[in-house]
Every structure is written in structure tokens, then in C-alpha cells.
Amino acid sequence: MQENGKETPQEIKGWNWGAFIYNVFWGVGNKTYLPLLTLIPVFNIFWIFVVGFKGNEWAWQKGDYKDVETFRAVQATWNRAGLWNFIISIAIFAIYLIFIWSVLMNFFDQ
């Protein structure tokens, strides 16, 4: 796909954790506004995966990057933050499930 006369390099295509987790903020920060569609209830469950997968391409098309290395350096920060947020969220959810399970077991043992 070409937009603004720019062809997306093959090496930047792929998953972007920053776009997946911080979709609205990432979209505004990268001047690509399709991630704002994640504000639509129910549709957002599907769309966050599209944003995570297509995010790098959209950011490249809308951004003013001189080369792939500069682009990767910028997106590495988003990726790192998004991945850490995802891992922490899963860990908190697991702790929450363990807590609920233990409370229910104590409740039914009485």
C-alpha cells in the first residue's frame, strides 16, 4: 500500500505492542487516526488486533522518517511500553483470579 507516495518497507511490517495496547494515544502520537475507531464499543474488540498488526505500516505512511532505523528506534519505545503493560495486566488478572478462587473456596468450605 502506498500513501503520500511512500512505499512501506517489508522489514517494518509486523506486530506493534504499543499500537495494540495504547491504540488511541499511539494513533494520535503517530498522526494516524484509524486507531480512534477503537473507541466504538464492541467493534474495538476486533479493531485493537487490526491496529496492532497494521500499526507499523500506518505509522510509516503518516510519519516523516528518514530511514528504517529511525522508525524502529521510535517504535521500540512504544513496543517496550506496550509489551510491559500487557505482561503486567496479565499478571494482575491472574492474581485477581487466584484471589477470587481462594475467597470462593473459603466461602464454600464453611
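**Entry 1: Lysine 31**

I began with lysine 31, which counts as exposed because its relative accessibility is 53% and exposed means over 50%. The model I am reading is a predicted one. I found lysine 31 in the loop between α2 (23–29) and α3. I then looked up its backbone: phi of lysine 31 is near 60°, a positive value in a residue other than glycine. I noted this because most residues other than glycine have a negative phi.

**Entry 2: Valine 42**

I turned to valine 42, which also lies in the loop between α2 and α3. Its phi is near 70°, again positive in a residue that is not glycine. Is valine 42 buried or exposed? I read a relative accessibility of 66% for valine 42, so it counts as exposed.

**Entry 3: How α3 and α4 pack**

I moved on to the helices. Helix α3 covers residues 43–62 and helix α4 covers residues 68–109. I looked up their packing: the angle is about 125°, and the axes are 11 Å apart. The two helices are therefore oblique to each other. An angle of 65 to 115 degrees would count as roughly perpendicular, and one over 145 as roughly antiparallel. I also wrote down that the crossing of α3 and α4 is right-handed.

Which residues make the contact? On the α3 side I listed Asn56, Ala59 and Trp60. On the α4 side I listed Val68, Phe71 and Gln75. Sorted by kind, the residues of this contact are four nonpolar, two polar and no charged.

**Entry 4: The largest nonpolar core**

How many residues make up the largest nonpolar core? I found twelve residues in all. Among them are Ile12, Ala19 and Trp26, as well as Trp47, Val50, Val51 and Trp58. Ala59, Trp60, Tyr65, Val68 and Phe71 belong to this core too. Helices α3 and α4 each supply at least two of its residues. Helix α3 gives the most, with six residues.

I checked valine 68 by itself, since I had met Val68 in the contact of α3 with α4 and in the core. Leaving out residues up to four places away in sequence, valine 68 touches Pro9, Glu11, Ile12 and Trp60. Of these, I had already listed Ile12 and Trp60 in the core.

**Entry 5: Glutamine 61**

Next I looked for glutamine 61 and found it in helix α3. Its relative accessibility is 2%, so glutamine 61 counts as buried; the cut-off for buried is under 20%. I then took a distance from glutamine 61 to tryptophan 78. The two are 17 residues apart in sequence and 17 Å apart in space, C-alpha to C-alpha.

**Entry 6: Arginine 72**

Arginine 72 has its place in helix α4. At 45% relative accessibility, arginine 72 counts as partly exposed. What does arginine 72 touch, not counting residues up to four places away in sequence? I found Glu11 and Ile12. Valine 68 also touches Glu11 and Ile12. For a distance I chose phenylalanine 49: arginine 72 is 23 residues from it in sequence and 20 Å from it in space, C-alpha to C-alpha.

**Entry 7: Tryptophan 84**

My last look-up was tryptophan 84, which lies in helix α4. Is tryptophan 84 buried or exposed? Its relative accessible area is 53%, so tryptophan 84 is exposed. I compared its place with that of isoleucine 21. In sequence, tryptophan 84 and isoleucine 21 are 63 residues apart. In space, C-alpha to C-alpha, they are 9.8 Å apart.

Note on methods: Residues are numbered from 1 along each chain as its sequence is written. This is a predicted model: local features need pLDDT of at least 70, side-chain atom pairs count only at pLDDT 80 or more; totals for chains, interfaces and linings use all residues. Side-chain values use heavy atoms; hydrogens and water are left out. Axes are lines fitted to C-alpha atoms, for helices over the stretch in contact, and angles run from 0 to 180 degrees between N-to-C directions. Helices (H or I, at least four residues) and strands (E, at least two) are DSSP runs, numbered from the N terminus. Angles under 35 degrees count as roughly parallel, over 145 as roughly antiparallel, 65 to 115 as roughly perpendicular and the rest as oblique. A crossing is left-handed if the near helix is turned anticlockwise from the far one by less than a right angle, and right-handed if clockwise. Contact means heavy atoms within 4.5 Å. Ala, Val, Leu, Ile, Met, Phe, Trp, Tyr, Cys and Pro count as nonpolar, Asp, Glu, Lys and Arg as charged, and the others, Gly among them, as polar. A nonpolar core is a set of buried Ala, Val, Leu, Ile, Met, Phe, Trp, Tyr and Cys residues joined through side-chain atoms within 4.5 Å. Buried means under 20% relative accessible area, exposed over 50%, partly exposed in between (1.4 Å probe, protein chains only).
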